[in-house]
Amino acid sequence: IVTGVQTCALPISGMSVSEKVKCIEGNDKRLSISRQCELLQLPRSSYYRPRSSPAKGADNQGLMRLIDEEFLKHPFYGSRKMTAYLNRKGIAVNRKRIQRLMRLMGLASVAPKPNTSRQRKGHKVYPYLLKKMSITEPDQVWCSDITYIRLAHGFVYLTAVMDWASRYVLSWEVSVTMDDDFCVNALKSALRKHQTPEIFNTDQGAQYTGKAFTGTLKTHGVQISMDGKGRCMDNIFIERLWRSVKYEKIFLEEFETVPELLSGLKDYFKFYNFERPHQSLVGNTPAEIYWGREVARKAA
């Protein structure tokens, strides 16, 4: 949302009143305060109301950072355990607020429970095809997932397409919403640049069960595989990628803007593919396994 000269990266649905007020430029001559309030879905009375001193506890951005870091360590934490964790740290928050923020971030406990992954009505869910399968060759199986990336004043979502056998990141995209467009774009980009895989594995999220995503796979003759409900281990390699991206890049550099993030991710994925050795790959890089050692060295 852009109001006056201020740009607010956080989606309106996830913004508190105080965050919306900060987005309003009182001296802007192009948009009146009334119009800015309307764009932000903020009552004018809330803008003009005197501000009290900040309440004790973290704001939404601070909370989302803590939730993000703790969820990487304990992906089985739901809103109840996450609330208890934050309360033990001395942060007075209720479960309802944590539920709202975790939904906004696209985070859900991986612990099996009823109705963990509710698919969008009308979307078909496909079976998991990788059980007991030996995956040893590049382009045999690809996988994809979405993660939340925090910025200094907001957040975005990141998706990547990865080759299962080599851990090579084939393509990636960033979006400010959870719509399926950026997932489809990442898939199409990977298909343009690389050989078509035999199988493509994802979770049961609406971005992957929609006709745009599954239709693209069917057009290219790719078999579709989907994780079981609450089974993060079914797509474990890309879950490990998110941990590496965040601990080795995002948490260290505190990106301010989306362009800065895009530049940083471009550098990181080049490093990840061509320079970062993997213990599971016997010290080779993903590019050396995917392309072959000599080709990878020339490309690097």
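Two residues are in contact here when heavy atoms lie within 4.5 Å of each other. With that in mind, start with the whole chain in view, and remember that this is a predicted model. Among contacts between residues at least 6 apart in sequence, 62% join residues at least 24 apart. The chain holds 13 helices and seven strands, and buried residues make up 48% of its 300 residues.

**Stop 1: the open sheet**

Show the strands and look for the open sheet that five of them form, in the order 5-4-3-6-7 with mixed pairing. Its edges are strand 5 (169-175) and strand 7 (223-226), each of which pairs on one side only. On average, neighbouring strands in this sheet are turned by 25° against each other, direction ignored.

Now select strand 3, residues 141-151. How many of its residues are buried? Eleven of its eleven. In a regular strand, side chains alternate between the two faces of the sheet. Colour the two sides of strand 3 separately: Val 141, Cys 143, Asp 145, Thr 147, Ile 149 and Leu 151 sit on one, with Trp 142, Ser 144, Ile 146, Tyr 148 and Arg 150 on the other, and both faces are covered.

**Stop 2: the partners of strand 3**

Keep strand 3 on screen and add strand 4, residues 154-163. The two pair in the antiparallel sense over ten bridges and form a hairpin with two residues between them. To find one of the bridges, select Trp 142, whose partner in strand 4 is Asp 163.

While you are in strand 4, pick Gly 154, which belongs to this strand. Gly 154 counts as buried because its relative accessibility is 0%, below the 20% cut-off. Draw a distance from its C-alpha atom to that of Val 176, 22 residues away along the chain, and you should read 9.4 Å.

Next, add strand 6, residues 199-202. Strand 3 pairs with strand 6 in the parallel sense, over three bridges. Which residue of strand 6 is the bridge partner of Cys 143? Select Asn 201 to see it. From there, carry on to strand 7: Asn 201 stands opposite Ser 225, and four bridges join strands 6 and 7, which run parallel.

**Stop 3: helices across the sheet**

Bring back the helices and select helix 7, residues 181-193. Helix 7 lies across strands 3, 4, 5 and 6, and runs at about 155° to strand 5. Then select helix 11, residues 258-274, which lies across strands 3, 4 and 5 and runs at about 165° to strand 5.

**Stop 4: two nonpolar cores**

In soluble globular proteins, nonpolar side chains tend to be buried together. Here the largest nonpolar core has 41 residues, and the members touching the most others are Ile 67, Met 82, Leu 86, Phe 200 and Phe 213. Helix 7 supplies the largest share of this core, seven residues. A second, separate core of 29 residues includes Ile 199, Ile 236, Val 245 and Tyr 268.

Centre the view on Met 82 and show its surroundings. Leaving aside neighbours within four places in sequence, Met 82 is in contact with Ile 67, Glu 70, Phe 71, Tyr 77, Ile 98 and Met 102.

**Stop 5: helices 10 and 11**

Select helix 10, residues 236-253, together with helix 11. Their axes come within 11 Å and cross at roughly 120°, and the crossing is right-handed. Show side chains where they meet: helix 10 brings Leu 241, Ser 244, Val 245, Glu 248, Lys 249 and Ile 250, while helix 11 brings Leu 261, Gly 264, Leu 265, Tyr 268, Phe 269, Phe 271 and Tyr 272. The residues of this contact divide into nine nonpolar, two polar and two charged.

**Stop 6: two loop residues with positive phi**

Finish in the loops. Between helix 10 and helix 11, select Glu 254, a residue other than glycine with a positive phi near 50°. Glu 254 counts as partly exposed, at 30% relative accessibility.

Then go to the loop between helix 6 (95-105) and strand 3, where Lys 132 lies. Its phi is also positive, near 65°. Is Lys 132 buried or exposed? Lys 132 is exposed, because its relative accessible area is 83% and the cut-off is over 50%.

Conventions: Residues numbered from 1 in each chain as written. Predicted model: local features only at pLDDT ≥ 70, side-chain atom pairs only at ≥ 80, totals over all residues. Heavy atoms only, no water. Core = buried A, V, L, I, M, F, W, Y, C linked by side-chain atoms within 4.5 Å. Buried < 20%, exposed > 50% of the residue type's maximum accessible area, 1.4 Å probe, protein only. Axes fitted to C-alpha atoms, helices over the stretch in contact; angles between N-to-C directions. Left-handed = near helix turned anticlockwise from the far one by under 90°. Nonpolar A, V, L, I, M, F, W, Y, C, P; charged D, E, K, R; others polar. Pairing = 2+ DSSP bridges.
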